[in-house]
Amino acid sequence: MQKWIMFSLFIVACLLGTGVLFQNISVRQAEMAKEEAAGPTLKFVATNYKFDQAEYKVKAGEKVTVSLLNKEGLHAMEVVGTSVKLDNNTKSMEFTFDKPGEYEVHCTLPCGPGHADMKTKLIVE
Ligand SMILES: [Cu+2]
């Protein structure tokens with residue numbers, strides 16, 4: 001009788017163990033899939049009155065997550081000639097730059113004395 005109870009407990013423990021193991025694996029797989037789906041990022045960090053890089057590069061035809069981070073001041077931006085427009089309400093979006101070339105990126109929010117010169121370049125290659 002006791003043997004039978006021990007055996008049942010053993011089986012239950014095994015099932016629980018396997019369940020937890022599979023759960024962990026599927027959680028990890030979901031995380032990995034999410035990272036893969038997120039793909040490359042194009043991050044603009046804005047301060048008064050410039051972007052953090054003189055030029056940014058992306059590959060043509062590749063889906064990227066474009067994001068804007070206002071590190072100092074309040075800025076918005078657009079990539080001229082595309083539908084990429086970001087501000088504090090829409091801080092990131094996914095976009096595929098199809099045509100190789102050089103695109104102007106500038107601030108679209110009157111942010112202060114340096115606003116007119118707040119520009120940078122995006123190179124799609
Ligand atoms: Cu501005």
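**View 1. Thr-41 meets Thr-65, its bridge partner in strand 4.** Welcome to the first close-up of this predicted model. The two strands in this view, strand 1 and strand 4, run parallel and are joined by six bridges. Strand 1 covers residues 41-47, while strand 4 spans residues 63-70. While you are here, take a look at how strand 4 is packed: six of its eight residues are buried, which leaves the strand mostly covered. As a reminder for following the side chains, those of a regular strand alternate between the two faces of the sheet.

**View 2. On to strand 7, where Glu-94 is the bridge partner of Thr-65.** How do strand 4 and strand 7 run, parallel or antiparallel? They are antiparallel, and five bridges join them. Strand 7 is made up of residues 92-96. Thr-65 is thus a handy landmark for moving between the views, with Thr-41 as a partner and Glu-94 as a partner in strand 7.

**View 3. Phe-44, Phe-51 and Tyr-56 are linked into a cluster by ring pairs.** The structure has four aromatic pairs, and this close-up shows two that involve Phe-44. With Phe-51, Phe-44 makes an edge-to-face pair, the centres 6.1 Å apart and the planes at 75°. Both Phe-44 and Phe-51 are buried. With Tyr-56, the ring of Phe-44 forms a tilted pair, because the planes meet at 45° and the centres are 4.3 Å apart. Where do Phe-44 and Tyr-56 lie? Phe-44 belongs to strand 1 and Tyr-56 to strand 3 (residues 55-58), so this pair ties together parts that are 12 residues apart in sequence. Tyr-56 is buried, as is Phe-44.

**View 4. Four protein donors hold the copper ion in a tetrahedral site.** Which atoms are they? They are SG of Cys-107, O of Leu-109, SG of Cys-111 and ND1 of His-115, at 1.9 to 2.4 Å from the ion. Along the sequence, the donor residues follow the spacing C-x1-L-x1-C-x3-H. The angles among the four donor atoms run from 88 to 123°. For comparison, the ideal angle for four tetrahedral donors is 109.5 degrees.

**View 5. A friendly second look at the two cysteine donors, Cys-107 and Cys-111.** Are these residues buried or exposed? Cys-107 is buried, with a relative accessible area of 5%. Cys-111 is buried too, at a relative accessible area of 19%, and the cut-off for buried is under 20%. A disulfide is a covalent bond between the sulfur atoms of two cysteines. How many disulfides are counted here? The count is zero.

**View 6. Stepping back, the chain has one helix and nine strands.** From start to end, the order reads α-β-β-β-β-β-β-β-β-β. The C-alpha atoms fill a box of roughly 85 × 30 × 20 Å along the principal axes. The radius of gyration of the chain is 25 Å, whereas a compact globule of 125 residues would have one near 14 Å. Buried residues account for 28% of the 125 residues, and among the places to find them are strand 4 and the ring cluster with Phe-44 and Tyr-56.

How values were computed: Residues are numbered from 1 along each chain as its sequence is written. This is a predicted model: local features need pLDDT of at least 70, side-chain atom pairs count only at pLDDT 80 or more; totals for chains, interfaces and linings use all residues. Side-chain values use heavy atoms; hydrogens and water are left out. Donors are N, O and S atoms within 2.8 Å of the metal (3.2 Å for Na, K and Ca); water is not among the atoms, so sites may look incomplete. Four donors count as tetrahedral if all angles lie between 85 and 135 degrees; four count as square planar and six as octahedral if opposite donors are over 155 degrees apart and all others between 65 and 115; anything else is irregular. Buried means under 20% relative accessible area, exposed over 50%, partly exposed in between (1.4 Å probe, protein chains only). A disulfide is a pair of cysteine sulfur atoms within 2.5 Å. Rings of Phe, Tyr and Trp (its six-membered ring) pair if their centres lie within 6.5 Å; planes under 30 degrees apart count as stacked, over 60 as edge-to-face and the rest as tilted. Helices (H or I, at least four residues) and strands (E, at least two) are DSSP runs, numbered from the N terminus. Two strands pair if DSSP finds at least two bridges between them. The radius of gyration is taken over C-alpha atoms; the globule rule is 2.2 Å times the number of residues to the power 0.38.
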